[in-house]
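Student: Can we walk through this one together? I'd like to go topic by topic.

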Amino acid sequence: MSPTSTRPPATASPTGDPPATNPGIPTATSLPGCAQLPEPLPLQANQRLPDPFTFFNGTRVTNMTDWTCRRSEISQLFQRLELGVIPAAPESVTASISGPILSVTISRGGRSVTIHPTISYPPSGSAPYSALIAFGGTTLPRPAGVAIITLNNDEIAQHNDTSSRGVGLFYDLYGADHPASAMMAWTWGVSRLIDALQNLPSANIDSDRLAITGCGVNGRGALVAGAFEERLSLTIPMESGTGGAGCWRIAQKLFSTGHVTITASDLARENVWFSKTFNDYASRVDELPFDHHLLAALVAPRGLLILDNSQFSWLGPASVFGCMKTGRKVYEALGYADSMGVSQIAHTDYCQFPPDQYVEYQAFMNKFLAGKRTENTTVLKTDKPNDAGFVEAEWVDWTVPNLVSGSSPPTAPNEPPSTPTGANCVAPTELTEPSNQMLPNPFTFAKRSDNSGLPIDLAVNSTEEWYCRREQIGQLFQKYEFGTLEQRPQYVSGEIFGRTLTVNIGHKNRNISFQATLQYPDTDDPGPFPYIIALGGSTLPHLTDMALITFDPEDLAQANGTDSRGKGKFYELYGEDHSASALMVWAWGVSRIIDAVGTAPVNLERKGVGVTGCSDHGRGALVAGAFDQRIELTLVIESGVGGAGCWRIADDLKKSGIGALTATDIVKDTVLFSSTFTGFANRTSELPVDHHLLAAMVAPRGLLVLENSAFSWLGISSVYGCMKTARKVYESLGMKDRMGVSQVGHTDHCQFQGQQYPELNAFVNKFLRYRTQEQTNYFKTDVPNDAGYVESKWVDWVLPNL
């Protein structure tokens, strides 16, 4: 999986510069480009549960980008008023393992502390193992193949009573006066444990498949950790009650009506689980601009299972059930309602796991740690009558927007943003750059004009800026080469009958359907299986435990001759004058198959998705991989010029007498590219993009280009040089082995060659089977002298270290 250290969060429209901070005092700041919270916060009493979908300034959340900013705002509010600020990653985290004991040493400012989590490995299964991190141990049963990591949160931050504030290893490192509460310090400890696991292969733990749990006070801590550490796939708080899965406001109402229920005042007087600042609000929780339904919302869209006990009134069963039922509305708005479950069952053994909750527990562990995405995780239940006494109308006076309709589904946790925004992310309306014979610089924003009308030049200097530049590149490709990419339509569903997957799509009172063929692997493995979508079929060798979905892309957009523009089912849905080229439509079709798999009763993973195609279909696969970030691995086969080959280099080859296809050749016979591109086909040096930038858009996900050096018309030097240049982006991001090129000569066009099997298998292992240690550093051609590519002729820019 892609390393989390290089993935910035999505941003929304810029609203001003970040607030100045006082050096030395930790502060919770907003994401770049999001609205800033005022200082001080003007708080107003609110008897109801605050609206997740309204910003602090009163603006309504209407789309996924807004939600990303609102989520950031909620995080800041919790840090400022309840939990204290969690510090950024320290200077150094090193780790070693001896038997079952990890030693994780964290260093900062000349100080070091060491924590010692303990790993209990499963008796069966194969490494690396998924793992359940448990604060102080757990009574949850161990699923097959899952390790249990016990983390002593008490040593990180003590919580004996109010005298424990500032005591523990966290405070030894950051100072006794650090504002982080005990629970926020525990979260920091979980993050450092994950840092260690990511850099310690000998621990045999898959850091992409981690869950967190705890019971009672530790259950509260588990919920906080799940909210603030996005590398956790699943959060399971047990019997956490008020201050965990229970809402402050509902608990206070229960107490005031005679129920023996713990309230915020009780907890603030008793211990240091919350920040000093929270003590001021414990007796006036109505003034808080949040409640714990919003703490659950911070976990979304990752897995969250609330295991609660209705036996004990002091836990506030009505508070917990009502609070989490309300928090689940955020999951609904994001299109992931079944990723959050609530199970409330009475039993007399506090913090002892009851067998009655095993079914939901096993389903969530299967889905989020074992990758069995077809598991039924729809659970919202209590054994107390009338929703445990929770009356929604008393607490909720807001509506739930549909944040998914008309836009891409939310990306997986920590993925690069699909639509970062900001002035530099937006492509210029008109080109201000002169003709450029060289390959355009990936690390310089396209020139635009400042207020004086003069062109300005902006360099990309950070990972965050690269993803903004990536967004700009995507816009430029849509404008000049592929046409507009339509996002997810209003309705997509999948139906399966035998081996046929029918994809049903509805948009603005128009409907289409197209079919794909699903082939499961011949294996005893019960699944679910990762899968590869193949445009037009596949000659890839049989891949054990891998499913294959094939479809005819020309059913959606015909590409046989220039008179076929606007013909196909896509244009029936959006109109025959839609600007999308055939390649962009085919990429759109791949995305709709992924959507449909998410709704159909198929035995497929929702996470492990690959795409492939050969020749024209290879070009389509590359476009799909560039524009849909749910695709973990893009396999491009013999796509030549207009796919993995660069236009500029192909033009140069043609001028030198080598019979490579050029843009001019391609637009004469097909509608693979947009009508706008036809006007640039004989002057490609005026384009602000070339196909090294198309490949760069796939980063940091897996990309393997399998090319054939036997056919000059494929543009051998164009492909090799173009992809060698694209790999510089992967290199700059610190992950050059995530992109591979294998150029081998053979006489059968689009027939897979056994010589390239090792690299194919290695990339499939790493990106679809999650064998993260697999060696994928392949970059080769069997044509001498880099297939004739001379880098100095095409690259006049330097590689930054992002």
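Tutor: What follows is a short tour of backbone, surface, salt bridges and cavities. Keep in mind that this is a predicted model.

Student: Backbone then. Which residues does the cis peptide bond with omega of about 5° join?

Tutor: Gly527 and Pro528. Pro528 sits in the loop between strand E16 (510-519) and strand E17 (529-535).

Student: And which residues flank the cis bond with omega of about 10°?

Tutor: That cis bond joins Ala699 and Pro700. Pro700 lies in the loop between helix H21 (691-696) and strand E21 (702-707).

Student: Why look twice at cis bonds or positive phi values?

Tutor: Because most peptide bonds are trans, and most residues other than glycine have a negative phi.

Student: OK, phi. What is the value at Cys351?

Tutor: About 65°, so positive, although Cys351 is not a glycine. Cys351 belongs to the loop between E10 and H11.

Student: Is Cys351 buried or exposed?

Tutor: Buried, at 17% relative accessibility. The cut-off for buried is under 20%.

Student: What about Asn386? Where is that one?

Tutor: In helix H12 (residues 385-388). Asn386 is not a glycine, yet its phi is positive, near 55°. Asn386 is exposed, with a relative accessible area of 69%.

Student: Which glycine has a positive phi just after H14?

Tutor: Gly483, with phi of about 85°. The helix before it, H14, spans residues 463-482.

Student: How many residues of H14 are buried?

Tutor: 15 of its 20, so the helix is mostly covered.

Student: Back to the loop with Cys351. Which other residues are found there?

Tutor: Tyr350 and Pro354 are among them. The loop runs between strand E10 (340-344) and helix H11 (358-368).

Student: Pro354: buried or exposed?

Tutor: Buried, with a relative accessible area of 7%. Pro354 also comes within reach of a remote stretch of sequence: Leu140 is 214 residues away along the chain, but the C-alpha to C-alpha distance is 8.9 Å.

Student: And Tyr350? How accessible is it?

Tutor: Tyr350 is partly exposed, at 33% relative accessible area. That clears the over 30% cut-off for patch residues. Tyr350 makes a nonpolar surface patch with Val260 and Trp314.

Student: What area does that patch cover?

Tutor: About 280 Å².

Student: Switching to charges. How many salt bridges are there?

Tutor: The count comes to 33. Side chains of opposite charge can pair when their charged atoms come close.

Student: Give me one. What does Arg60 pair with?

Tutor: Asp51, with an N to O distance of 2.4 Å. Arg60 is partly exposed at 29%, whereas Asp51 is buried at 15%.

Student: What about Lys367? What is its partner?

Tutor: Asp338, with the closest N and O atoms 3.2 Å apart. This pair links distant parts of the chain, 29 residues apart. Lys367 is in helix H11, and Asp338 is in the loop between helix H10 (317-334) and E10.

Student: How do those two compare on burial?

Tutor: Lys367 is buried at 5% relative accessibility. Asp338 is partly exposed at 28%.

Student: And which residue pairs with Asp786?

Tutor: Lys724, with the closest N and O atoms 2.7 Å apart. Asp786 lies in helix H24 (residues 784-787) and Lys724 in helix H22 (residues 716-732), so the pair ties together parts 62 residues apart in sequence. Both are partly exposed: Asp786 at 26%, Lys724 at 25%.

Student: Which residues do shared partners join into one network?

Tutor: Arg488, Arg592, Asp595, Asp628 and Arg630.

Student: Last topic, cavities. How many reach 30 Å³ or more?

Tutor: Two. The second largest has a volume of about 30 Å³.

Student: What lines the second largest cavity?

Tutor: Ile637, Glu638, Leu706, His746, Gln751, Phe752, Gln753 and Gln756.

Student: How does that lining divide by residue type?

Tutor: Three nonpolar, four polar and one charged. Glu638 is the charged one, because Glu counts as charged.

Notes
Residues numbered from 1 in each chain as written. Predicted model: local features only at pLDDT ≥ 70, side-chain atom pairs only at ≥ 80, totals over all residues. Heavy atoms only, no water. Patch = residues over 30% accessible without salt bridge, like charges linked within 9 Å, V, L, I, M, F, W, Y side chains within 5 Å. Areas by Shrake-Rupley, 256 points an atom, 1.4 Å probe, with all protein chains shown as cover. Salt bridge = Lys/Arg side-chain N within 4 Å of Asp/Glu carboxyl O. Helix = DSSP H or I, 4+ residues; strand = E, 2+ residues; numbered from the N terminus. Buried < 20%, exposed > 50% of the residue type's maximum accessible area, 1.4 Å probe, protein only. 1 Å grid on protein atoms, 1.4 Å probe; cavity = no way out; pocket = protein on both sides within 12 Å on 5 of 7 lines; lining within 4 Å. Points joined across faces, edges and corners; volume = space filled by probe spheres on them.
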